[in-house]
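Visitor: Could you take me through one part of this model up close? I'd like a single connected tour rather than a list.

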Amino acid sequence: MTQLLWLATAWLGGTAVILGSLMILGSLLVWFVPFPPVKPNPEQPLLGKDWQGRLQVLGFSVTIALLGISLLVLFPFPGE
C-alpha cells in the first residue's frame with residue numbers, strides 16, 4: 001500500500017517538475033522573443049505593459065517546479 005501511495009506521489013511530483021520546468025522555458029522564451037514581431041517604436045517603452053503578466057507566469061511556473069521537486073525530496077522510495 002505504501003508503494004502505491006509513493007507511486008502516486010512520485011507521479012504527481014514528476015509531472016509538476018516537468019510541467020513547471022517547461023513553463024519556465026516557455027515564459028523565458030516569451031520574454032526574449034516577442035510575439036507578434038513588431039517594429040520598435042521610440043515612443044513605447046521597451047518592456048511595455050506586459051512585463052507584470054510575464055513575471056506572474058514565470059513566478060507561477062517556478063512555484064510549480066519547486067513544489068514538484070519538494071514532493072520528490074520529501075517522499076523518498078519506501079524501504080523494505
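Guide: Let's start with a yardstick: a residue counts as buried under 20% relative accessible area, as exposed over 50%, and as partly exposed in between. Keep in mind, too, that this is a predicted model. Now look at helix 1, which covers residues 2-32. Its 31 residues should span 45 Å at 1.5 Å a residue, and the end C-alpha atoms are indeed 45 Å apart, so expectation and model agree.

What does helix 1 tuck away? The buried residues here are T9, A10, G13, G14, A16, G20 and S27. They pack against helix 2, residues 51-74.

L29 also sits in helix 1, but its relative accessible area is 53%, and because that is over the 50% cut-off, L29 counts as exposed. L29 has company out there: together with L28, F32 and V33 it makes a nonpolar surface patch of about 420 Å².

Back along the helix, have a look at W6. The model has 1 aromatic pair. The ring centres of W6 and F77 are 4.8 Å apart with the planes at 85 degrees, so this is an edge-to-face pair. It ties together distant parts of the chain, as W6 belongs to helix 1 while F77 falls in the segment after helix 2, 71 residues away. As for cover, W6 is partly exposed at 24% relative accessible area, whereas F77, at 53%, counts as exposed.

Note on methods
Residues numbered from 1 in each chain as written. Predicted model: local features only at pLDDT ≥ 70, side-chain atom pairs only at ≥ 80, totals over all residues. Heavy atoms only, no water. Patch = residues over 30% accessible without salt bridge, like charges linked within 9 Å, V, L, I, M, F, W, Y side chains within 5 Å. Areas by Shrake-Rupley, 256 points an atom, 1.4 Å probe, with all protein chains shown as cover. Salt bridge = Lys/Arg side-chain N within 4 Å of Asp/Glu carboxyl O. Helix = DSSP H or I, 4+ residues; strand = E, 2+ residues; numbered from the N terminus. Buried < 20%, exposed > 50% of the residue type's maximum accessible area, 1.4 Å probe, protein only. Expected span 1.5 Å × (residues − 1). Contact = heavy atoms within 4.5 Å. Phe/Tyr/Trp six-rings, centres within 6.5 Å; stacked < 30°, edge-to-face > 60°.
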